[in-house]
Structures are given as structure tokens and as C-alpha cells.
Amino acid sequence: MDLRLLGAGIAVLSGIGAGIGIGIVSGKAIDGIVRQPEASGKITSTMILGAALCETTAIYGLLVSLILLFAVK
Amino acid sequence: MDLRLLGAGIAVLSGIGAGIGIGIVSGKAIDGIVRQPEASGKITSTMILGAALCETTAIYGLLVSLILLFAVK
Amino acid sequence: MDLRLLGAGIAVLSGIGAGIGIGIVSGKAIDGIVRQPEASGKITSTMILGAALCETTAIYGLLVSLILLFAVK
Amino acid sequence: MDLRLLGAGIAVLSGIGAGIGIGIVSGKAIDGIVRQPEASGKITSTMILGAALCETTAIYGLLVSLILLFAVK
Amino acid sequence: MDLRLLGAGIAVLSGIGAGIGIGIVSGKAIDGIVRQPEASGKITSTMILGAALCETTAIYGLLVSLILLFAVK
Amino acid sequence: MDLRLLGAGIAVLSGIGAGIGIGIVSGKAIDGIVRQPEASGKITSTMILGAALCETTAIYGLLVSLILLFAVK
Amino acid sequence: MDLRLLGAGIAVLSGIGAGIGIGIVSGKAIDGIVRQPEASGKITSTMILGAALCETTAIYGLLVSLILLFAVK
Amino acid sequence: MDLRLLGAGIAVLSGIGAGIGIGIVSGKAIDGIVRQPEASGKITSTMILGAALCETTAIYGLLVSLILLFAVK
Amino acid sequence: MDLRLLGAGIAVLSGIGAGIGIGIVSGKAIDGIVRQPEASGKITSTMILGAALCETTAIYGLLVSLILLFAVK
Amino acid sequence: MDLRLLGAGIAVLSGIGAGIGIGIVSGKAIDGIVRQPEASGKITSTMILGAALCETTAIYGLLVSLILLFAVK
Amino acid sequence: MDLRLLGAGIAVLSGIGAGIGIGIVSGKAIDGIVRQPEASGKITSTMILGAALCETTAIYGLLVSLILLFAVK
């Protein structure tokens, strides 16, 4: 049976939270750049850090999904 | 059985988070352009960056979905 | 079995996020037009850009849904 | 089997996001009309545009649902 | 099998988004009437318009639900 | 089989959105009464109107649920 | 089969929306009492009215749940 | 079959809404106590009332869950 | 069959709402301590009360889950 | 059958609420440290307390998940 | 059967909450850096602490997922 493949399709959904989270971070970064344009370097680097931290949760899902697709029989 | 194809239909739902996230980023960008029209270039480029970061989570889902549709038997 | 068709019905749900996201963008655009009516051209074009970026996540879902309906056997 | 019909019932749920999104847009439009009554024409037309963009995601779901009901066997 | 009837039960859930959306619109309308009582006619008519636009997404779900209940065999 | 009855149990969930929506409307009405006590009649009537509009989406679900329970075999 | 009983378990979930909605209403009522302590009678009665309106959606779910438990065979 | 017991597990989830709602009420109560410490008695009693109203929706779910566990065969 | 154990796994999810609710309460408590440090005792005790009220909904789920795991056969 | 293991996979999802809740608490703590840097000790300890209270709901899920994995046959 | 692998795919979804939570924390951190650039060290370290606390809930899910993939037969 292909429940393994169904699991692969479900696992990647963990990116839903990351997608919302990165949106919140990036939105706040734009807010910050508007109010303090001279600090845009620091703001952008904090935004990248925050987005990377959110992204980890999507990566976990992608990892489990790829394991289910290719590594487990 | 077609559980593989059901998985493909589910995997693409990871775009739900990205859809909300990009909406938050773009909304903040409009806010920013209204308050600081002269910074609209920088704001738009940060918006594109943020939206691209959100989009990655939708792309993971699309990727797994396409693998399930065409690459896995 | 018709799990393929069930998958098609599920895939199109990725538009849920886009629907919320476009609402956020458009709402902010109206906010902007109220505060800076003279910038309404620029605001509307950023709104269209943001909505188009959100829409991509709905399009991925529609695409997978149509593939499941018509292209995969 | 009737999984096709179950899929039709699920597909139309993509309107959930649009329902929330249109609510956000319309709420902001009312906000705008209260603050700038003289701009109500422009605000209402932007509201209709935003609602139409949200509605597309509901239409995708309705479309897939109707295809599942009547066009696919 | 009665998957057709299960689909009818699911389809009507598309009203969830509309229920939230109409709540947002009506809440903003009350806000507006409090701040600009003399504009309550215009506010109420925009509220009805916004609620009607949200309602469309619930109607799609009801329509598909009724088709599944009575029109499809 | 009793999928008909499972569908009845699911259909009534469309009240989830209405429950949140009515909460938003009523909360805003209390806000309004606090700020403009002399307008409480108008505010309460708009609140009832908004809640009734939200309630329609719950009624659709209840209607489909009762049809599934008693009218369809 | 006991799908009837599974349906009963699902139907009562319509209280999720009401739970959130009543929370919003009650929170706003506390806000109001803090700002206008002398209006607390009117605020509390509007809060009870709003909570009762939210509660209807939970009652629909409880009603369907009890029908599924005891009235339908 | 144990679908009865699965239903019991699902029914208790109606507490999700109450959990969020009580959080909103209690958070607003803390806000109020900070701004009007001398009114903390009245605020706490309104908070308890609001939390109790939210709790009803969790109790409905617990009730149905216990009926499914112990009263229905 | 192990549907009993699946039900146990689902029942404990009622903690999702409590987790969000406690977060809202605790966040407001920090807000309060920042604005009124001298009232931190009262704020912390209200926070504990609010969190305990939220926790009840998680406890209901844990209780049903443990009954399903150990008490029901 | 492995429904026991499926239940273990579902039970751990109760951490979703805790993840959001801890995010709200920590975000408010940062807000507080920015406004009252001299109170950062007290703020951090309240943040840890709040996060620990949220975490309990995730622990319940992990506990049930581990029981399902290792203790129940 | 592969329900074990389906469970692995579901368990990793507990990262959804963490993804949103980390987004909230990081967004607030950017807010803080904009308002108090000289406190950015302390803000960033609190952000990392908050994100790590959120991350625990995603780790629980990943842990259960890996146990289901590799440790349980």
C-alpha cells in the first residue's frame, strides 16, 4: 500500500506555519525599514535570521517527506 | 491504489501558509509606501524578498506534489 | 478507484490561504488610499502585485487539481 | 464509488479563505468611508476589486467542484 | 454508498469563512456608526454589500450541498 | 451505512465561523456602547442585524444537518 | 456500525467557534467596565446577549449530537 | 467496533475554542487590573463569568465524550 | 481494533486551545508588569488563575485520553 | 494493526498550540525589555513561567504519544 | 500496513505552531531593534531564547516522527 506516499504528502504541510511566520517577520522588517531607513542592514539581517529559524520547521517536514518518498520501503 | 495521487493533492496545501504570509508582507509594504513614498524602491524589494522566502514553503509542497504525481511509482 | 478525484478536490483548497492573503493586501490598500488619495495609482499597482504573489499559491493548487482531473490516469 | 462526489463537497471549501478575505476588505472599506466620506466612490470600487480578487479563489473551488459533479465520470 | 451525503455535509462548511467575514464587516460597521452617526445610512448599506459578498462563498457551499443531496444520483 | 449520519454531524460545524463572527460583532457593540452610551439603541440594533447575518451561515449548516437526519434516506 | 456515534462526537465541535466568540465578547466587556465603571450594568447585559447569540451555534451542535446519540437509530 | 470510542476522543476537542476564549478574557482582565487596580474585584468577577460562559462549550464536549464512553452501548 | 488508541491520541489535542490561551494570558501579564511593576504580585496571581482556567480544557482532553488508554476496554 | 502508532503521531500535534503560545509570550517579553530594560530580569522570569505553562499542553501530547509508542500493546 | 509511516508524516506537523510562534517572536525582535538599536544584543538573545522554546514543540514532533520511521516496528 501507498500510505507511505500519503504520509509524504502530509509531512510537507508543516510548511504552513513557516509560511505564516516568515510573513509576519518580513512584514515587521518592512515596518522597521520605513521607520528607520538607516538601520535597514541590521533589520534585514535580523529578518533573514528570523525567517531561517521559521524555515527550520518547514525543513523538518520536507526532510520527513523525502525520507518517506525515497529512504523508507 | 491511488493514495499516491491523494498525497499529491494534499501536499500542495502547504501553500496555505505562504498565501497568508505573502498577504501580510504585501499589506505591510503598502503601509510603508503610504507613509514613506520616497522609499518605495527599497520597500518593494524587501517585499519581494519576504514573499520569496514565504514562497519557498509553497514550493516545497508543489515539489513533493509533482514528485508524487510523476516521479514515484 | 477515484482517490485521484478526491485528491483533485483537496488540492484546490490551497486557495484558502490566498483568499485570506489577498483580503489583507486589499484591505491595506484601501487604508492607504484613504490616507494618501494622491498615491492611489502606486498603491493599486502594489496591491495588484501583492495579490498576484498570493494568487500563485492558489494557482499551484488549481494546477495540481487539473492535472489530477485530466492528465493523470 | 462516489469519492468523486465527496471530492466535489471538499473542493467548494476553498471559499473559506475568500469569505474571510472579503470580510477584511469590506471592513476596511467601511473604515475608510467613515474617515473620508467624500472618497467613498473610489473606496467602494477598490473594495469591489479586492473582493473580486479574493473571490477568484472561491471560484477555483466551485469550478473544480462542478467539474467533479458533472464533467468527470 | 452514501459518500454523496457525506460530501453534502462537508460542502456546507464553506460557510465558516463567511461567518467570520460577516462578523468582521458588521463589527467595523458598528465602529463606524459610533464615530460618524450621521453617516449610518451609507455605512449600513456598505455593510450589507460586504456581507452579501461574503455570503456568496457560503451560498456556493450550500448550492453544492443541495446538488449533492437532491440533484445527483 | 450511516455515512448520512456522519454527514449530519459534520454539517452543523458550519456554526464555527458564525460563533466567532457573532463574538466579533458583539464585542464591537460593547466597545461602541462604552464610547457612545446615548447611541446604544442604534448600536444594539446593528449588532442584532450583524449577528443575524452571521447566523445565516450556521443555519445553512443546521438545515443541511436536519435534512440529512430526517429527510434523506 | 457506529458512524452515528462518531457523528455525535464531531457535531459537538461546533462549540469551538462559540468558545472563541464568547471570549472576545467577554474580553471587550471587561475593557468597557474598566473604562466606564458606571455603565457596567448595561455592558454586562450586552455581554450576556452577545454570549447567548454565540452560544446558539454551540447549541445547534449539541442538539444534533444528542439527536444522533438518542433519537436516531 | 470502537467508533464510539473514537467519537469520545473527538468530542472533547470542543475545548479548543474555550481554551482560546478563556485566554482572551483573562488577558483582558489583567489589562484591566493594570489600568484600574481599584476595580480588580469587579474585573475578576466579570472574568470568572466570561470564563464560565466559555467553559460551557468545553463542558458540552466533555459531556458528549463521557456519554460516548460510558452511557451508550 | 485499536480505534480506542487512535481516540486517545486525538483527545489530547484539546490542549491546542489551552496552549494558545495561556500564551495570550502570560503575554498580557508581561505587558502589565512592564507598565505597573509594583502590581506584579496581583498580576502574576491573576495570570496563574487565568492559565489554570485555560488548563482545565487541556485537562479534560488528557482525562479522556487516559480513560481511553487505561480504563475502557 | 498500527492505529496505535497513528495515534502516537497525532497526539504530539498538541504542541501546535504551545508553539504559538510561547511565541506570543516571548514576543511580549521582547516588547517589555525594549520599553523597560531595567526590568529585564523580572520580565524574563515571567516569560519562562508563561512558556512553561504553555509547554505543559505540549508535554501532555508527548506523554500520550510515548505511552502509545512504548507502554500500550 | 504502513500506518506507522502515515503517523510519521502527521507527527512532524507539530512544527506548524512553532513556525508561527517563531515568526511572532522574530517580528517583535525587529520591532524592538528599530525602537532601541542600542539594545539589539539583549533583544537578539531573548529572540533566540524564545525561538528555542518554540522550537521544542517542533522537536517533539520530529522526535516522534523519527521514532515512528526508524525505531518502532
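Me: In this predicted model, how many residues of chain B take part in the contact with chain A?
Reply: Let's look at both partners, keeping in mind that the model is predicted. Chain A puts 37 residues into the contact. For chain B, the number is 37.

Me: What area do chain B and chain A bury between them?
Reply: The size of an interface is often given as the accessible area lost when the parts come together. Here carbon and sulfur atoms carry 79% of the buried area. The total between chain B and chain A is about 3,100 Å².

Me: And which three residues of chain B lose the most area to chain A?
Reply: Together, the three make up 18% of what chain B's side buries. They are B:Leu3, B:Lys28 and B:Tyr60.

Me: How many salt bridges are there between chain B and chain A, and which residue of chain B pairs with A:Asp31 in a salt bridge?
Reply: The count between these two chains is two salt bridges. In the pair that includes A:Asp31, the N to O distance is 3.6 Å, and a salt bridge needs these atoms within 4 Å, so the pair makes the cut. The partner of A:Asp31 is B:Arg35.

Me: Which element gives the largest share of the side of chain B that touches chain A?
Reply: Besides the salt bridges, there are five residue pairs in polar contact between chain B and chain A. On chain B's side, α1 (3-11), α2 (15-35) and α3 (40-71) each give two or more residues. The largest share is 15 residues, and it comes from α3(B).

Me: What about classes: how many nonpolar residues does that side of chain B have?
Reply: Let's sort the side of chain B that touches chain A. It has four charged residues and eleven polar ones. The nonpolar count is 22.

Me: Let's move to chain I and chain J. Which three residues supply 18% of the area that chain I buries against chain J?
Reply: In this pair, 37 residues of chain I are in contact with 36 residues of chain J. The buried area is about 3,100 Å², with 79% from carbon and sulfur atoms. No other three residues of chain I supply more of its share than I:Leu6, I:Ile30 and I:Val34.

Me: Which residue of chain I forms a salt bridge with J:Lys28?
Reply: The rule finds two salt bridges across the interface of chain I and chain J. In the one with J:Lys28, the closest N and O atoms are 3.4 Å apart. The residue on the chain I side is I:Asp31.

Me: Is I:Asp31 buried or exposed?
Reply: I:Asp31 sits in helix α2 of chain I, and it touches J:Lys28 and J:Arg35. Its relative accessible area is 10%. Buried means under 20%, so I:Asp31 counts as buried.

Me: Which element gives the most to the side of chain I that touches chain J?
Reply: Chain I and chain J have five residue pairs in polar contact. At least two residues each come from α1 (3-11), α2 (15-35) and α3 (40-71) of chain I. With 14 residues, the top contributor is α2(I).

Me: How far apart are the closest C-alpha atoms of chain A and chain E?
Reply: No contact joins chain A and chain E. Their closest C-alpha atoms are apart by 18 Å.

Methods:
Residues numbered from 1 in each chain as written. Chains lettered and ligands numbered in written order. Predicted model: local features only at pLDDT ≥ 70, side-chain atom pairs only at ≥ 80, totals over all residues. Heavy atoms only, no water. Contact = heavy atoms within 4.5 Å. Buried area = accessible area lost by both parts, 1.4 Å probe. Salt bridge = Lys/Arg side-chain N within 4 Å of Asp/Glu carboxyl O. Polar contact = N/O pair within 3.5 Å; in protein donor to acceptor, adjacent residues only side chain to side chain. Helix = DSSP H or I, 4+ residues; strand = E, 2+ residues; numbered from the N terminus. Nonpolar A, V, L, I, M, F, W, Y, C, P; charged D, E, K, R; others polar. Buried < 20%, exposed > 50% of the residue type's maximum accessible area, 1.4 Å probe, protein only. Lists of a residue's contacts leave out its neighbours within four places in sequence.
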